[in-house]
Amino acid sequence: TPIEEIESELEATGHWEGELVHRRRDGTALPVASRWALQRDERGRPIGVLATNNDITDRHLAEQARRDLEEQWRAAFASNPTMYFIVDAQGAVLSANDFGAEELGYDASELVGRTAADVFVEEEREHFRRNAEACFANLGQRRRWEARKVRRDGTMMWVRETANAVLLKNQAVLLVACEDITERKLAEEALRASEERFRTLIQF
């Protein structure tokens, strides 16, 4: 903060507060929360400034650690070969990683703002909503379910979803990890069909 700005605010309001960086004797930076108050004589003329400074190094280090962690999480979220979605309490998609969006045939930006239930087959949308509501009603409690989603090209995929609701920047959001289990489901259906044909043959 330029000293001219501080002096201007002191003259206008009689006080200023903000953050400054001082230098220790060894040259290292010392961030401080600083408060300045303009002192005047009985005629209202400035006679001095009362300044107090509190060391906020630990706070800055904690904030930097939080930012680093968020950056690492965002990088992992974006590049992880698992479908990830963040959904708000109203059911709208807040974020989707590139892999998850591409699996459904979209760009991630195209899913943001859409209702999350829209990518499920119509008869299973209410099932998703009920599971999401249960997660929001029990923050931190993990739930799993299987469902069918519809890709942009109209093809269907089976997924296993693992979700839990957490507070993120004081907002309750649903974190959803989604695994493609289409091949397993097709194999199970083929096995059931084969068993049914075998039972039919036995009956004859």
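Buried means under 20% relative accessible area, exposed means over 50%, and partly exposed is anything in between (1.4 Å probe, protein chains only). This is a predicted model, where local features need pLDDT of at least 70 and side-chain atom pairs count only at pLDDT 80 or more, while totals for chains, interfaces and linings use all residues. Residues are numbered from 1 along each chain as its sequence is written, and side-chain values use heavy atoms, with hydrogens and water left out.

**Exercise 1.** Work out which parts of the chain R184 and E146 link, and classify both residues.

*Solution.* Start with the contact: R184 and E146 form a salt bridge (a side-chain nitrogen of Lys or Arg within 4 Å of a carboxyl oxygen of Asp or Glu), with the closest N and O atoms 2.9 Å apart. Next, place them: R184 sits in helix α6 (residues 182-203) and E146 in strand β6, 38 residues apart. Helices (H or I, at least four residues) and strands (E, at least two) are DSSP runs, numbered from the N terminus. Last, accessibility: R184 has 31%, so it's partly exposed; E146 has 27%, so it's partly exposed too.

**Exercise 2.** Find the partner of R148 in a 2.7 Å salt bridge, then say whether that partner is buried or exposed.

*Solution.* The partner is E124, at 2.7 Å from N to O. E124 lies in the loop between α4 (108-111) and α5 (125-137), and R148 in strand β6 (residues 143-150), 24 residues apart. E124 counts as buried because its relative accessibility is 12%, while R148, at 22%, is partly exposed. To finish, widen the view: E123, E124 and R148 are linked in a network of salt bridges.
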